[in-house]
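Colleague: I'm new to looking at protein models. Could you show me how to read some side-chain features?

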Amino acid sequence: MSNAMYNKMWYQTQEALNSLLDKESQKMIEPPKNKVFIFQMLATFYIKYVQIFRNLENVYDQIVHPQKRILIRKILDGVMGRILELKNEMVELELTEFHYFDDILQDLKLAPQQLDIPIPKYFLKERLDVIRGRERILAQILTESGLDIPDVKYFKSLPLEQATKFIQIAERARQGRLRALFMKQIYLQEYRARQSKMLGDKADTSIAALRIQKVWRGFHQCKKTAREREEEMIFLGMNPPPLFNEVSATIKQAEKVNCLRSNVQMEHEENYQEAMITIKEDLKLIEGQDFKESLKDQIRQWFIECRNLTGTFPDYPEPEEGGSAIIFSDKTPEQEEEEEWKMSPSVFLHSMEEGNNLYKDTWMNKDESWNFVQSYDPEMIKQEKRKELETEIRLQVDELMRQELKNLKLAVNREKELPVKPKKAKKVKGKDKVKRGKKGKKDKDLTADRTIESLYKELVEEGLLIRAPKVNLSDYIGEYSYLGTTLRQVAIEPMPSLLDVRQLITLYGILPLGSAAVHEKAPLVKSLLLAGPSGVGKKMLVHAICTETGANLFNLSAANIAGKYPGKTGLQVMLHVVFKVAQQLQPSVVWIEDTEKTFYKKVPNAEKMNEPKRLKKQLPKFLKLLRPDDRILIVGTTQRPFDAELQSFCKVYQKIILIPRPDYASRYVLWKKIIQHNGGVLSKGLNISCLAKVTDGFTQGHIVEVVKNVLTDRRIRQQSRKPLTAVEFITAMATMNPVYKEEEESFKNWYAKTPLGKRRLSALNLGGKEKERAKGKKKGKKEKKK
């Protein structure tokens, strides 16, 4: 796409945003009272903001004009934050983390795939050098300390006699196969010779020709029928067309253009930053002195006017009050009151409206026919830098004029200003001491004499700061839940799909960690718990959060910190160092694997030596230290949450995401993708639907393990003559234990005891009682009529 096309896309997106902001302001004035209508309103806004977010992210990634990108980034962050606010409102309304929009999507004529929230590419793009530098340092520390052990396959050496025996067995088997093939050929020759002797000269060539024709026509017709059937299936959309999975030349060309755009973006950004400095210097030389003299004249005129009106010279405004700027301010008290009245209840609506108005004033009708390459606009830089220059000069002039006013007062009025003594604040005995003591304790730095680099190295060597495997969130495969709304309407709570889980990880983990502006103002999520059976991808999701945001990964699992930093003081030092490094090198993820061990109801005898509950009392304190501008997320993973003490567990983890076993639709997609990823070829003989149906209860981990066991190097080479079948995978899976319904029910029952689960259960019970009362009243009315 050309620059003009992306400008057009931006224009259309801004139109949609402008319309949505108008609708939202109208709904704020007259909000609906019915709970169902409120949810529909919030869900509609949420879906529309997601569509705007998708378009804006694409525009910001591809547009090359540096000044446009600044405005788009501001609006993009605002839309991102508003999505998180609406999500928080929906959670508080429905008392569940999972929402279903089937009916609303149908009304808006959107596919479920259009609800997928993209991860902005600028999260990594704009920090690429920092991330690569950190990865190099981490790799160097791991290599120097001997912790970076490559995955090398070690083969057990065999004695010479045993090796010779193996070679002999293999050679004899090869010779036996060749001998059998040779004997088969001899047998066939003898059989043909016997047949020819029996028939003699009676063999009719016409019968032979007829037989050949029959076989050939049958073969030809079978091939033709198969081809026609394949064409019909492709036409009906049941089978993909040929070369469907191959990357087309158009896509390859588009990827090249994207790379070129990235280079042009960087070049234009560098030119823009240079121009900001040079244009400001030019303005200072050309306009600076004139503005300085003009400002002095205006202030002197103000001195004279005040002297004529009051008989004395005025007091010069202090710098904290704005200096001479407040003298010439045209703002009236009525305007200030109006501005306060217009304050929006949302933190991000104001910034979006500002960005939208700026777009209308600056870019909507701007003639850019002269700027084909979409470089910076020097006139806009001049306007911006002129304001900065005026502020700087005003500060200098204020100092000069403040002194001049003193001299005037001394000369004309013979007045000498006495310095005003600052009023001493009254001290309250006892309270001040306590506050000071607390502050001193809080601000105490246990490692003030050490650099961040040395602390970083120490954590790596101790194994507390680890390298996160490169995993994209898109690798977490699944399918949407298409019947969520329908099931809830008949009072059945559906299990969330894997893509619902993926969306929550994006909303609560990736978006806030990736954007400092969003994290600071959006509803703050400090901690996240991923609970689910073994093999559903909890660890993978933690790694995906780190990969998509470029975050550091700290491992504070009970097994990992066992024996490290012993004692109470050692534990405090460890947490202090982790917090300090995580804060300085944010974004950061603090991962606690098998986090139920930290909150054990009763520690098993086998684990008492490891002290798994060391962090139980310290984690709430760690959470209190986190401020909105600290992009640090604590993520716990557990497959046995019911072993933990529920109250303290839920006190630490703010958001709890229950990850279920994959449903049929997700298993179908998983089998296809994982087989292809491991070198398998999907043929007609491989019934994926049968595999997905038979493997109900098995997790992603089971499927990956089975596929890797079946698709060995030898089996991959055999696929051309021996296509894969479903039986091979089912046989390999027969030895594994699935996740039974009883285990899934135990997770559901545990979640119902969490704070959000309790609130939802009580709300559902209350709603059921109200319905029964309403039915009772209707029956009573009918009986009276009779």
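Modeller: Happy to! Let's begin with charges and rings: a charge sits over a ring if NZ of Lys or CZ of Arg is within 6 Å of the ring centre and within 35 degrees of the ring normal. Keep in mind that this is a predicted model.

Colleague: Which residue lies over the face of Tyr664?

Modeller: That is Lys693, at 5.8 Å from the ring centre of Tyr664. Another case is Arg69, which lies over the face of Tyr60 at 4.3 Å from the ring centre.

Colleague: What about rings paired with other rings? How many aromatic pairs are there?

Modeller: Two rings pair if their centres lie within 6.5 Å, and a pair is tilted when its planes are neither under 30 nor over 60 degrees apart. By this rule there are 16 aromatic pairs. One of them joins Tyr46 and Phe101: with 5.7 Å centre to centre and 35 degrees between the planes, the pair is tilted.

Colleague: Where in the chain do Tyr46 and Phe101 lie?

Modeller: In distant parts, 55 residues apart. Tyr46 belongs to helix α2 (residues 35-62), while Phe101 is in the loop between α3 (66-94) and α4 (102-108).

Colleague: Are Tyr46 and Phe101 buried or exposed?

Modeller: Both are buried. Now compare Trp216 and Phe219, a tilted aromatic pair at 5.8 Å centre to centre, with 40 degrees between the planes. These two are separated by about one helical turn, because they are 3 residues apart in helix α8 (residues 205-236). Phe219 has 47% relative accessibility, so this residue counts as partly exposed.

Colleague: Which residues do ring pairs link into a cluster?

Modeller: Phe599, Phe649, Tyr653 and Trp750 are linked in that way.

Colleague: Let's turn to the surface. Which residues make a nonpolar surface patch of about 290 Å²?

Modeller: Leu158, Phe166 and Ile169 make that patch. Phe166 is found in helix α7 (residues 160-199). Its relative accessibility is 44%, so Phe166 counts as partly exposed.

Colleague: And cysteines? How many disulfides are there?

Modeller: The general idea is that a disulfide is a covalent bond between the sulfur atoms of two cysteines. To count one here, look for a pair of cysteine sulfur atoms within 2.5 Å. By this rule the count is 0.

Colleague: Is Cys222 buried or exposed?

Modeller: Cys222 counts as exposed because its relative accessibility is 55%. Cys650, at 13% relative accessibility, counts as buried.

How values were computed
Residues numbered from 1 in each chain as written. Predicted model: local features only at pLDDT ≥ 70, side-chain atom pairs only at ≥ 80, totals over all residues. Heavy atoms only, no water. Phe/Tyr/Trp six-rings, centres within 6.5 Å; stacked < 30°, edge-to-face > 60°. Helix = DSSP H or I, 4+ residues; strand = E, 2+ residues; numbered from the N terminus. Buried < 20%, exposed > 50% of the residue type's maximum accessible area, 1.4 Å probe, protein only. Patch = residues over 30% accessible without salt bridge, like charges linked within 9 Å, V, L, I, M, F, W, Y side chains within 5 Å. Areas by Shrake-Rupley, 256 points an atom, 1.4 Å probe, with all protein chains shown as cover. Salt bridge = Lys/Arg side-chain N within 4 Å of Asp/Glu carboxyl O.
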